[in-house]
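The following note sets out, point by point, the features of this structure that a biochemist may wish to examine. Each point may be read beside the sequence and the displayed coordinates.

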Amino acid sequence: MAPATDPHTVSCPHCREAVEGLATLNAATRALRAEAPAGLHALAHRVMNIVSAEVRLGRLLPLADPVRDLRISESAAAKVLRQAADTVPGAKAATCGLLPEGDGTGVRVTMTLAAALDGPLPDRVQQVRRSVLHSAVQDLGLDVTAVDITVVDLLEPDPLLPPGGGGPS
């Protein structure tokens with residue numbers, strides 16, 4: 001019932017009916033909260049885990065298949081491309097981003113990495129670019145339009161490698 005300090009609510013049949021309806025709804029809501037079905041929290045937890053996993057996937061990128069509409073998550077593709085960069089001796093990928101480019105299936109790769117200075121830096125960056133491009137095309141089936149690489153940190157040279165990196169060319 002409405003507070004006694006509001007004379008209109010007490011005297012108006014419409015307002016009284018509305019307040020009584022709200023009181024009934026309030027009582028039902030309290031009863032449902034008190035019951036809290038046993039699996040409700042587990043269900044809410046599972047739903048939130050699924051939602052979180054969807055968010056972590058990032059955008060879906062097109063694969064270079066003209067017949068089928070195939071896609072890969074940005075996070076999965078970036079992980080594979082960082083690993084490809086890390087196969088080059090004296091290089092360690094820091095970040096990798098992929099952006100759809102153009103109207104088709106093109107993808108632009110942007111990567112930051114740390115590199116050792118035990119050989120010419122442009123050669124090391126070119127080795128990383130080739131490794132990333134090969135993996136993108138062969139392993140993932142991406143139509144890569146460019147691989148942009150920025151060196152953001154330096155690594156200590158590997159003492160076991162001869163000068164020049166000694167890695168694959």
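1. A disulfide is a pair of cysteine sulfur atoms within 2.5 Å. By that criterion the structure holds 0 disulfides. The model is a predicted one. Two cysteines may be noted here for their surroundings: cysteine 12 counts as buried because its relative accessibility is 14%, under the 20% limit that defines a buried residue. Cysteine 96 is likewise buried, with a relative accessible area of 12%.

2. On overall architecture, the protein has 5 helices and 5 strands. Read from the N terminus, the order of these elements is α-α-α-β-β-α-β-β-α-β. The protein comprises 169 residues, of which 28% count as buried.

3. The surface deserves a remark at helix α3, which spans residues 40-57 and contains valine 47. Together with Leu43 and Met48, Val47 makes a nonpolar surface patch of about 260 Å². Valine 47 has a relative accessible area of 39% and is therefore partly exposed, since that class lies between the buried limit of 20% and the exposed limit of 50%.

4. Helix α4 covers residues 74-86, and its 13 residues should span 18 Å at 1.5 Å a residue. The C-alpha atoms at its ends are 18 Å apart, in agreement with that expectation. Which residues of α4 are buried? They are Glu74, Ala77, Ala78, Leu81, Ala84 and Ala85. Seen down the axis of α4, these buried residues fall within an arc of 120 degrees, and so they line one face of the helix.

5. How many salt bridges are there by the rule applied? The count comes to 6. One of them joins the side chains of arginine 59 and glutamate 74, with an N to O distance of 3.4 Å. This pair links distant parts of the chain: arginine 59 lies in the loop between α3 and β1 (60-62), whereas glutamate 74 lies in helix α4, 15 residues apart. The two partners also differ in accessibility class: arginine 59 counts as partly exposed because its relative accessibility is 39%, while glutamate 74, at 16%, counts as buried.

6. A further salt bridge is formed by arginine 71 and aspartate 69, whose closest N and O atoms are 3.3 Å apart. Arginine 71 is partly exposed, with a relative accessible area of 43%. For aspartate 69 the relative accessible area is 63%, and the residue is therefore exposed, the limit for that class being over 50%.

7. Are the partners in the salt bridge between aspartate 118 and arginine 124 buried or exposed? Aspartate 118 is buried, with a relative accessible area of 18%, and arginine 124 also counts as buried, at 3% relative accessibility. Their side chains meet at 2.8 Å, N to O. Elsewhere, Glu101, Arg108 and Asp148 are linked in a network of salt bridges.

8. Helix α5 consists of 20 residues (residues 121-140), for which a span of 28 Å is expected at 1.5 Å a residue. Its end C-alpha atoms are 27 Å apart, which agrees. The buried residues of α5 are Arg124, Val125, Gln127, Val128, Ser131, Val132, Ser135, Ala136 and Leu140. Because they cover an arc of only 165 degrees around the axis, they are placed on the same side of α5. On the other side of this helix, Pro122, His134 and Gln138 are exposed.

9. A final point concerns strand β5, which runs over residues 143-155 and includes valine 147. This valine has a relative accessible area of 8%, and so valine 147 is buried. In sequence, valine 147 and valine 132 are 15 residues apart; in space, their C-alpha atoms are 7.8 Å apart. Valine 132 is itself among the buried residues of α5.

Methods:
Residues are numbered from 1 along each chain as its sequence is written. This is a predicted model: local features need pLDDT of at least 70, side-chain atom pairs count only at pLDDT 80 or more; totals for chains, interfaces and linings use all residues. Side-chain values use heavy atoms; hydrogens and water are left out. Buried means under 20% relative accessible area, exposed over 50%, partly exposed in between (1.4 Å probe, protein chains only). Patches are made of residues with over 30% relative accessible area and no salt bridge: like charges are joined within 9 Å, nonpolar side chains (Val, Leu, Ile, Met, Phe, Trp, Tyr) within 5 Å. Accessible areas come from the Shrake-Rupley method with a 1.4 Å probe; for residues, only the protein chains shown count as cover. A salt bridge is a side-chain nitrogen of Lys or Arg within 4 Å of a carboxyl oxygen of Asp or Glu. Helices (H or I, at least four residues) and strands (E, at least two) are DSSP runs, numbered from the N terminus. The expected span of a helix is 1.5 Å times one less than its number of residues. The arc is that of the directions from the helix axis to the C-beta atoms.
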